[in-house]
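User: Please take a close look at one residue of this model and the strand that holds it. Then set that part against the rest of the chain.

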Amino acid sequence: MTIVNESATFEGGCHCGAVRFQVIVDRREAIECNCSICCKKGFLHLIVPPEKFTLLKGSEVLETYTFGTHTAKHTFCRICGIHPFYCPRSHPNWIDVNVRCLDGDVLAKFKLQPFDGADWEENIDKLQNSEV
């Protein structure tokens, strides 16, 4: 699959619709991590700088979960429990959007790159030094 490198705007949100967001994507490549929380949530990572992300509605229904170093801020809708985006430990000042929470059938438009998050400490440099 060829990665599309043209800017596109996507909208997405949680299951119940209380949380909605918009994201500008320059590179249609997502990260598939095998760490315990990503596997359990089914999270496919699209890490973007904050200026490319807009929360359209739902700030009042977002809850935050942290663990370990408490650097990552795992946000989720308190109504339906879906995790549409969060602030990741790897890029704490950026936004990590779950590609599975984008509207429509867009997953096929993204190339998935595996990341060995189960061995996070040994591999994080690869993620932090790559183009996201």
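Analyst: Helices and strands here are DSSP runs, numbered from the N terminus: helices are H or I over at least four residues, strands are E over at least two. The model is predicted, so local features need pLDDT of at least 70 and side-chain atom pairs count only at pLDDT 80 or more, while totals for chains, interfaces and linings use all residues. Residues are numbered from 1 along each chain as its sequence is written, and side-chain values use heavy atoms, with hydrogens and water left out.

The residue chosen is Leu55, which sits in strand β5, residues 53-57. Leu55 has a relative accessible area of 32% and is therefore partly exposed (buried is under 20%, exposed over 50%, partly exposed in between, with a 1.4 Å probe and protein chains only). Leaving aside residues up to four places away in sequence, Leu55 touches Val19, Arg20, Phe21, Leu62 and Phe85; a contact means heavy atoms within 4.5 Å.

A second point on the chain gives a reference for distance. His70 follows 15 residues along from Leu55, and their C-alpha atoms are separated by 22 Å. His70 belongs to the loop between β6 (62-65) and β7 (73-77). The phi angle of His70 is near 65°, a positive value in a residue other than glycine. Like Leu55, which is partly exposed, His70 is partly exposed, with a relative accessible area of 43%.

Strand β5 is part of a protein with two helices and 10 strands. Along the sequence the order is β-β-β-α-β-β-β-β-β-β-β-α. Of contacts between residues at least 6 apart in sequence, 58% join residues at least 24 apart.

The overall dimensions follow. The C-alpha trace spans about 35 × 35 × 25 Å along its principal axes. The radius of gyration, taken over C-alpha atoms, is 14 Å, which agrees with the value near 14 Å for a compact globule of 132 residues (the rule is 2.2 Å times the number of residues to the power 0.38). Of the 132 residues, 43% count as buried. The exposed surface amounts to about 7,200 Å², with 49% of it supplied by carbon and sulfur atoms; areas come from the Shrake-Rupley method with a 1.4 Å probe, and for residues only the protein chains shown count as cover.
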